[in-house]
Amino acid sequence: MDNNKDKMNRILAIIIGIVLVISLSLNSIVRFITDYQWFSKNDFVETFLVKYITIILIFIPLWTVLCIALNIYLRKEKDRYVNSKKIFLDKKTHKRFNVGIVWFSAIITGLFSLNSAMGIWMHVRMFMNSTGFNDIDPIFGKNIEFYIFKLPLYQAIVGLLMSVIILSLVCVFAFFFFMISRMQSHTEEIYDFSPGGDIIEKIMEDDFLMPMVKRIAFLGMLMFLVMAASYHLRIYDLMYSTKGVAYGASYTDIHVTLKAYRFMSFVSVVSAVLFAYGFIRSRIKILVIGPIALIAVGIAFGITGMVVQQLVVEPDEINKESQYLTYNIGYTQKAFDLDKVVTTDFPVNQNIDREMLSRNEETVNNIRINDERPLRQTYNQIQGIRLYYVFNDIDLDRYMINGKYTQVFISTREIDQEKLPDQAKTWINRHLKFTHGYGIVMSPVNDVSDDGQPKLIFKNVPSVTDTDLVLDRPELYFGELTNQYAIINTEEDEFDYPSGSDNVTTRYEGTAGIELGGLNKLLFSIRERSMKLFVSTIVNSDSRILIYRNINERIEKIAPFLRYDDNPYLVLNQEDGKLYWIIDAYTTSNRYPYSQPFIFKDRYVNYVRNSVKVVIDAYDGTTKFYVFDEKDPVVQSYSKIFPDLFTPKEKLTDGLMAHIRYPQDYFDIQSEVYRAYHVENPVVFYNGEDIWDIANEKYMDGIQKIESNYVMFKLGDSDKKEFALILPYTPREKPNMTSLLVARSDGDNYGKLYMYKFPKDKTIQGPLMIEARIDQDSQISPQFTLWGQKGSTVLRGNIIVVPIEDSLLYVEPIYLKADNPNSLPEMKRVIVAYQDKVVMEETLEEALDRIFGAEKIEIPSVSIDIEDSDKGDVERLLNEINSLFKENKDNMDKINEKIDQLNELLGD
């Protein structure tokens, strides 16, 4: 009866355990199944499975070996203990011990193996699919591939072996104390662990303890051997040393630390043998020789390194470190793709005239006089339409509009469900009704209305435009604010857009979504923790659920090993009239030899490539990862690991290719690196003689580093304007400008970097120098003060440095914002600076006219009969009128400004 009862208890315990495991892992199981369906729907099945397959392929062999080894070892130790102590165990107790050992071995090694497999699976895949670089390190002559793809796995394996040894030691000691505590009642032998006890003598004479000691000695020997391998691998970590004047192995590292690691690796091997021999033979002196030797060698080489550094290197640091500084400069430039920067002298002749402006009319017509930050507030207030509509971000792009290459701001109208009225935040509204945003707003960068607001060329709902641009699919189901799942094809029509006091509804016509028929409805109800989804009669078997609709979450889910740009931008594709998101993706590493690390995406990296552009259809969520840098070995390796993930850039449509742009995040990290690493001479680099700063500017009501700006202008080797990124540099802690970094975005020139270096014998005005001149100007500064006294805040926009042929023009918009929370910033003036002139006018054209004179107007010829004798008098009279006008134009402008100010005061 007792046996049956025990059997029933065991069965019940097993059932409870199974139920408990299933309940605890139910969410994980459901998420795995539903994620698999989602990846399958998006044609990324291999990308989804490769991680799990690799983990399983690592986990099962590792777990099997460790579990069997530990199980056999513990069983033998148990049997040896029982036999040596002449302990009698009945069959039932013996079996219970063996079952306990099996479970203990399985659980301990299972958890350890799973954790290890999850930690090294990507290292294994990268090792198996490594791609060679066209470069080797300068010290050991190893291909860069070794450091990025192979060394991490070697180090992970060494760490894994050390963990296995430590785990084994813990298990040995734990089992030893467990056996003593559980078996003490079966034997009269007592182990005395108190100070002065007979434990050492007992161990030497004990048939159970002595074999255990030998195994501990064996594990200790293995530990020293693993330490030897670790010291050997540390040799290659010298490529990331921070001990010298620059990142990477320095003079002391090569001449001292390198030898130290090699010698300590040899000492570790000798220590392994001595440790095992001393432990087994109870020769304590021999046992401790190895550890003491390692400590002594470490201290000796540490002292030697300090002496060499202080007495050999530092007195002659430039000569001793020059070679290694050269390595650091060269490899940092290669790692950040700065070794291909084309340096061009830019004379800054400042010879702009009306004729030059006419030759560069397209550049002038695309000078940005609006800023994204105030524009976002304006878009939300004048085009939000409803409280729940939000313009989350303003993007800068270029379009062919009415036959002209035009730079524009563009943003999409998304739904922020958190801004729905409280009574409208129902399950149906959040997931079935308010499913998508609608339409776009677009405005040129260079034009505003009379009241200082942007001129909209795309606006309203439904979207209207007076241009030749076409938007056929304005609905936006995938965006930056689409954080909730949506269910389409239900019995409920979806809200499309408001129309007066009514709402227009729609039905989804795309292919996105996972069907909710059969078991899927239950699975997704569990996944989303929504009983309403499961019981709703509105959701039928034809309904589909859209998950991962937030574009940032979507790409992170598909390819978490890439780093992504902070600014996804919207594109209106003129080939199909649809909206698309383009997101720049980066491959990174912190393992490039001799390359200085910099912070990028909240982590230190010393290798970056903008190898991938992600394109997402805003209507159906189709996501494509296009490879734009086929030469990047990292993305080549990823392509081998995830064969269904990447698509060649040649398959990107022409309509979308026209909107590919050089990413600001990538340009910004390159420009930060280039501040110091434009220097080629190691002596100049060592002395910090030519370090640049990114120029500062006054922006809004503070001072900030100037942001990289997209500007349209003609580069020196081009006869047409291009969409490019620019950033000005100044010498360290000085306001004058020394150079301009430029990245091209259009056509075959995409990705090319240029450095326009300014003459050193001229003082080229930097942005802050222009800002200071604005503040000191006798006409502009009083006007700022006057506006401030009248209850308005003067906000300064970005100062744009515009290259025009061999000269520079500076443009800055000025905003006024009334001191009330609902007011909009209005672009009221444009400041233009050139040479020693600074003017402020209502429009860019007027400001240019003040500096360069009004544009010559061609007057149609009219036939007037003039006597030949009068022609000379008429020509002389016209010349005198023209001269008088030019001489007094500035005075006329000043008089007009004073009259305007007087009228404003009288108006008060």
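**Exercise 1.** Determine whether Ser 589 is buried or exposed, and describe its surroundings.

*Solution.* Ser 589 has a relative accessible area of 10% and is therefore buried, where buried means under 20% relative accessible area, exposed over 50% and partly exposed in between, with a 1.4 Å probe and protein chains only. Ser 589 belongs to strand β18 (residues 578-589), strands being DSSP runs of E with at least two residues and helices DSSP runs of H or I with at least four, numbered from the N terminus. A polar atom of the Ser 589 side chain lies 3.0 Å from the backbone nitrogen of Arg 591. When neighbours within four places in sequence are set aside, the contacts of Ser 589 (heavy atoms within 4.5 Å) are Ile 148, Val 605, Asn 606 and Tyr 607.

The model is predicted, so local features need pLDDT of at least 70 and side-chain atom pairs count only at pLDDT 80 or more, whereas totals for chains, interfaces and linings use all residues. Residues are numbered from 1 along each chain as its sequence is written, and side-chain values use heavy atoms, with hydrogens and water left out.

**Exercise 2.** Identify which residues of helix α17 are buried, and explain how they are placed around the axis.

*Solution.* In α17 (residues 551-558), the buried residues are Ile 551, Arg 554, Ile 555 and Ile 558. They cover an arc of only 90° around the axis, which puts them on the same side of α17; the arc is that of the directions from the helix axis to the C-beta atoms. The general background is that an α-helix has 3.6 residues a turn, so residues three or four places apart point the same way. At the start of α17, a side-chain oxygen of Asn 550 comes to within 2.9 Å of the backbone nitrogen of Asn 552.

**Exercise 3.** Work out the strand order of the open sheet that contains β11, β15 and β14, and state which strands stand at its edges.

*Solution.* The 3 strands run in the order β11-β15-β14 with antiparallel pairing, two strands being paired if DSSP finds at least two bridges between them. β11 (486-488) and β14 (514-515) each have a single partner strand and stand at the edges, so one side of each is left without a neighbour in the sheet. Between β11 and β15 (residues 544-546) there are 3 bridges, and Ile 487 has Ile 545 in β15 as its bridge partner.

Technical notes
A polar contact is a pair of N or O atoms within 3.5 Å; within protein, one must be able to donate a hydrogen and the other to accept it, and residues adjacent in sequence count only if both atoms are side-chain atoms.
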